[in-house]
Amino acid sequence: MSEASDQSSGPVTTGTVKPRVLSGIQPTADSFHLGNYLGALRQWVALQDTHDAFYCVVDLHAITVRHDPAALRRRTRVAAAQLLAMGLDPDRATIFVQSQVPEHTELAWVLGCLTGFGEAGRMTQFKDKSAKQGATGTTVGLFTYPILQAADILLYSPEPGPGERALRVPVGEDQRQHLELTRTLAQRFNHRFGDTFVLPDASIIEGAAKITDLQEPTAKMSKSASSPQGIIDVLEEPGPMRKKIMRAVTDTGTEVRFDEEGKAGIANLLRIYSALEGVSIADLERRYEGSGYGRFKKDLAALVVDTFTPIRERTLKLLDDQDGLDRILADGAGRAGAVARRTMEVVRDRVGFAGRALDR
């Protein structure tokens, strides 16, 4: 396999330079959930065909709060296995674990030295989480989380050369502020030390669906906030999955109609159905006109089970071959590391570190 670079960062190379895309997900649970899948992960699969794709399991970010080491190790493999089971292909994308590429933390230190204390303190997610955890429960790691995230992105900045120098980052609204900080730090580094980093662009993923809690349909589906009955796990058994759909909060009416304000529960279920089947909400409204909630929920439950059962089976099969899974991740870390090392050689030279300067 060829060494990663702007022209050939993955095992498949063509005559066309693809724009680069970078995204990551934390291994903080035993399964991804429906919101993760429809909001981002399903679209990652499509992007690997049109982009030079780097996807990482961001285990360094997962330790900003108290954690169990054995659980983190297990969940990291489970996360990687799910990504592969969903359709990410090691022959079309670079799939790796963040901590296996040490340049992530090295670049984070350099960028941290360019970040103002007040600048970091203004990050909304830090303010929200630290307010909940209090001063004694809030770590420096949580404070510097956005700087490590900036390093994650800029480490894979395309090198100068022919073709498009683009770096795209799929983000939701809750991450937009972090991406703006990344752009600011890239500009600041370039201004002080010379043109080094491409400014990353936010990529709003087409077809991404905003999925809410099945029991609290005005709140985002979230591992940290949703009740067990409000969230559907990708690796869940079919029985509990069906029950959660059938018991999802709706309203006192019977009409299957999209109304975000008056029928938030049904609106959420219609979004899920539409996203999974690839049909418009208007078509679904016509299909279930006059039929009531029972048939609608039963059909949706069957669709959810049919979607996730093959993913669950493939995930378990991948986890049964831990050595094979680790080899895939080691290969991905090798390809990602080749790009990361080249970036850091340039950064070290331009910052002025001695002894490991870029060859001239």
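By the distance rule applied here, the count of salt bridges comes to 20, in a model that is predicted. Side chains of opposite charge can pair when their charged atoms come close. One of these pairs is formed by Asp-52 and Arg-20, whose closest N and O atoms are 3.1 Å apart. Because Asp-52 lies in strand 2 and Arg-20 in strand 1 (residues 20-25), this salt bridge ties together parts that are 32 residues apart in sequence. Both of its members, Asp-52 and Arg-20, are buried.

A further salt bridge joins the side chains of Lys-263 and Asp-251, with an N to O distance of 3.2 Å. Lys-263 and Asp-251 are each placed in the loop between helix 8 (238-246) and helix 9, where they are 12 residues apart, and the pair is therefore one that links distant parts of the chain. The two partners differ in their cover: Lys-263, at 5% relative accessibility, falls under the 20% limit and so counts as buried, whereas Asp-251 has a relative accessible area of 26% and is partly exposed. In the salt bridge between Arg-257 and Glu-255, the closest N and O atoms are 3.2 Å apart. Here Arg-257 is partly exposed, with a relative accessible area of 33%, and Glu-255 also counts as partly exposed, at 46% relative accessibility. Elsewhere, Asp-30, Arg-74 and Arg-75 are joined into one network by salt bridges that share partners.The chain as a whole contains 12 helices and five strands. Of its 360 residues, 50% count as buried, and the chain exposes about 16900 Å², of which carbon and sulfur atoms supply 51%. Among contacts between residues at least 6 apart in sequence, 74% join residues that are at least 24 apart.

The largest nonpolar core has 58 residues, and those with the most contacts inside it are Leu-38, Ile-272 and Val-304. Helix 11 (residues 293-320) contributes the largest share of this core, namely nine residues. When neighbours within four places in sequence are left aside, Val-304 is in contact with Ile-232, Met-241, Ile-245, Ile-272 and Leu-276. Apart from this core lies another, of 35 residues, which includes Val-101, Leu-111, Leu-114 and Val-198.

Helix 9 (residues 264-277) has 14 residues and reaches 20 Å from its first C-alpha to its last, close to the 20 Å expected at 1.5 Å a residue. This helix is mostly covered, with 13 of its 14 residues buried. Helix 9 is followed by Gly-278, a residue whose phi is positive, near 75 degrees.

With regard to aromatic residues, the structure holds 10 aromatic pairs. In one of them, the rings of Trp-44 and Tyr-55 have centres 4.6 Å apart and planes at 0 degrees, so the pair is stacked. Trp-44 belongs to helix 1 (residues 34-50) and Tyr-55 to strand 2 (residues 52-57), and the pair, whose members are 11 residues apart, links distant parts of the chain. Both Trp-44 and Tyr-55 are buried. Strand 2 is also the element that holds Asp-52, the partner of Arg-20 in the salt bridge described above.

The aromatic pair of Phe-189 and Phe-193, by contrast, is tilted, with 4.8 Å from centre to centre and 50 degrees between the planes. Because Phe-189 and Phe-193 are four residues apart in helix 7 (residues 176-193), they are separated by about one helical turn. Phe-189 counts as buried, at 0% relative accessibility, while Phe-193 is partly exposed, with a relative accessible area of 28%. In addition, Phe-54, Phe-96 and Tyr-156 form one aromatic cluster.

How values were computed. Residues are numbered from 1 along each chain as its sequence is written. This is a predicted model: local features need pLDDT of at least 70, side-chain atom pairs count only at pLDDT 80 or more; totals for chains, interfaces and linings use all residues. Side-chain values use heavy atoms; hydrogens and water are left out. Helices (H or I, at least four residues) and strands (E, at least two) are DSSP runs, numbered from the N terminus. The expected span of a helix is 1.5 Å times one less than its number of residues. Buried means under 20% relative accessible area, exposed over 50%, partly exposed in between (1.4 Å probe, protein chains only). Rings of Phe, Tyr and Trp (its six-membered ring) pair if their centres lie within 6.5 Å; planes under 30 degrees apart count as stacked, over 60 as edge-to-face and the rest as tilted. A nonpolar core is a set of buried Ala, Val, Leu, Ile, Met, Phe, Trp, Tyr and Cys residues joined through side-chain atoms within 4.5 Å. Contact means heavy atoms within 4.5 Å. Accessible areas come from the Shrake-Rupley method with a 1.4 Å probe; for residues, only the protein chains shown count as cover. A salt bridge is a side-chain nitrogen of Lys or Arg within 4 Å of a carboxyl oxygen of Asp or Glu.
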